[in-house]
Amino acid sequence: MMVRVTTADDTSSELTLVVNGTTHRLRLDHRTTLLDALREHLGLTGTKKGCDHGQCGACTVLIGGLVGGRRVNSCLLLAVMARGAEITTIEGLAAPDGELHPLQAAFVEHDALQCGYCTPGQICSATAMLGEAAAGWPSMASASLIGETGPVTLDAAEIRERMSGNLCRCGAYVNILAAITDVAREVP
């Protein structure tokens, strides 16, 4: 029986990740999750490792950039699968001059956090949710699942359904809902 010894070339790849507008070239083990690449290799610790099973949403980031970005659980996505994609983390939401993203400001204004651990994932998820609703994507709480086009009315039930993949262990849901509702009213 012949035993094959693997080399670094067989288990890792050199890849380019575009994170918050900055291009990074990394050599990563094929099994490295996007979450671990962000936190351990790029030092972007805003994205949190909660359950590490895609059940809590603490690791939510945007793929496809800030505008039109799709939310993903970065603990479930291998970094090599995000190769060349535009990735936005909580660190990339604020303007370059430091002005907070409207959702970040609303979370502060409404005290929509307690321990703050889930907050980055909540804000990234809410950012994508606003885009999904504006594009007319229905949810299980939408008035019509077929035939409805255009923006979805983001009432409390709609926001709760769309944010159901993001858990807050402290129970700040009332304030999270208020923050998102305020920003949703301002989005055209």
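Start in the loop between helix 2 and strand 3, and select D52, which is found there. This is a predicted model, so every value on this tour belongs to a prediction. Look at the backbone of D52 first: its phi is near 65°, a positive value in a residue other than glycine. Most residues other than glycine have a negative phi. With a relative accessible area of 33%, D52 is partly exposed.

**Step back to the whole chain**

Now colour the chain by secondary structure, and you will find six helices and five strands. Read from the N terminus on, these elements follow the order α-β-β-α-β-β-β-α-α-α-α. Of the 188 residues of the chain, 44% count as buried. Among contacts between residues at least 6 apart in sequence, 54% join residues at least 24 apart.

**Helix 2 and what covers it**

Select residues 34-41, which form helix 2, and show the side chains of its buried residues, namely L34, L35, D36, A37 and L38. Which strands are included in what covers these buried residues? Add strand 1 (12-19), strand 2 (22-29), strand 3 (60-63) and strand 5 (86-88) to your selection, since the cover of the buried residues of helix 2 includes these four. Then move past the end of helix 2 to G43, which follows this helix and has a positive phi, near 70°.

**The cysteines**

Next, select C56 and look for the nearest cysteine sulfur. How many disulfides are there? The count comes to zero, and although the sulfur of C51 is the nearest cysteine sulfur to that of C56, it is 3.8 Å away and C56 is in no disulfide. A disulfide would need the two sulfur atoms to lie within 2.5 Å. C56 has 4% relative accessibility and therefore counts as buried. Select C124 as well, which also counts as buried, because its relative accessibility is 1%.

**T88 in strand 5**

Go to strand 5 and select T88, which has its place there. Is T88 buried or exposed? Its relative accessibility is 5%, so T88 counts as buried. If you leave aside the neighbours of T88 within four places in sequence, you will find this residue in contact with N20, V61, L62, G65, L66 and L93. Now draw a distance from the C-alpha of T88 to the C-alpha of T60: the two residues are 28 residues apart in sequence and 9.7 Å apart in space.

**S125 in helix 4**

Keep T60 in view and select S125, which is found in helix 4. S125 touches T60, and also R71, M163 and N166, when residues up to four places away in sequence are not counted. Because its relative accessibility is 1%, S125 counts as buried.

**Helix 3 against helix 4**

Select helix 3 (residues 102-109) together with helix 4 (residues 119-134), and turn the view until you can follow both axes, which are 10 Å apart and make an angle of about 130°. That angle is why helix 3 is described as oblique to helix 4. The crossing of helix 3 past helix 4 is right-handed. To see which residues meet, show L103, Q104 and F107 on helix 3, and T119, Q122, I123, A126, T127 and L130 on helix 4. The residues of this contact divide into five nonpolar, four polar and no charged.

**Helix 3 against helix 6**

Leave helix 3 selected, hide helix 4 and show helix 6 (residues 173-186), whose axis comes within 8 Å of that of helix 3 and crosses it at roughly 140°. On account of that angle, helix 3 is oblique to helix 6. Helix 3 passes helix 6 in a right-handed crossing. The residues to show on helix 3 are P102, L103, A106, F107 and E109, and their partners on helix 6 are I176, A179, I180, D182 and V183. Sorted by class, the contact of helix 3 with helix 6 has eight nonpolar, no polar and two charged residues.

**Last stop**

Finish in the loop between helix 3 and helix 4, and select D111, which is found there. What is the phi of D111? The value is near 50°, which is positive in a residue other than glycine.

Terms used
Residues are numbered from 1 along each chain as its sequence is written. This is a predicted model: local features need pLDDT of at least 70, side-chain atom pairs count only at pLDDT 80 or more; totals for chains, interfaces and linings use all residues. Side-chain values use heavy atoms; hydrogens and water are left out. Axes are lines fitted to C-alpha atoms, for helices over the stretch in contact, and angles run from 0 to 180 degrees between N-to-C directions. Helices (H or I, at least four residues) and strands (E, at least two) are DSSP runs, numbered from the N terminus. Angles under 35 degrees count as roughly parallel, over 145 as roughly antiparallel, 65 to 115 as roughly perpendicular and the rest as oblique. A crossing is left-handed if the near helix is turned anticlockwise from the far one by less than a right angle, and right-handed if clockwise. Contact means heavy atoms within 4.5 Å. Ala, Val, Leu, Ile, Met, Phe, Trp, Tyr, Cys and Pro count as nonpolar, Asp, Glu, Lys and Arg as charged, and the others, Gly among them, as polar. Buried means under 20% relative accessible area, exposed over 50%, partly exposed in between (1.4 Å probe, protein chains only).
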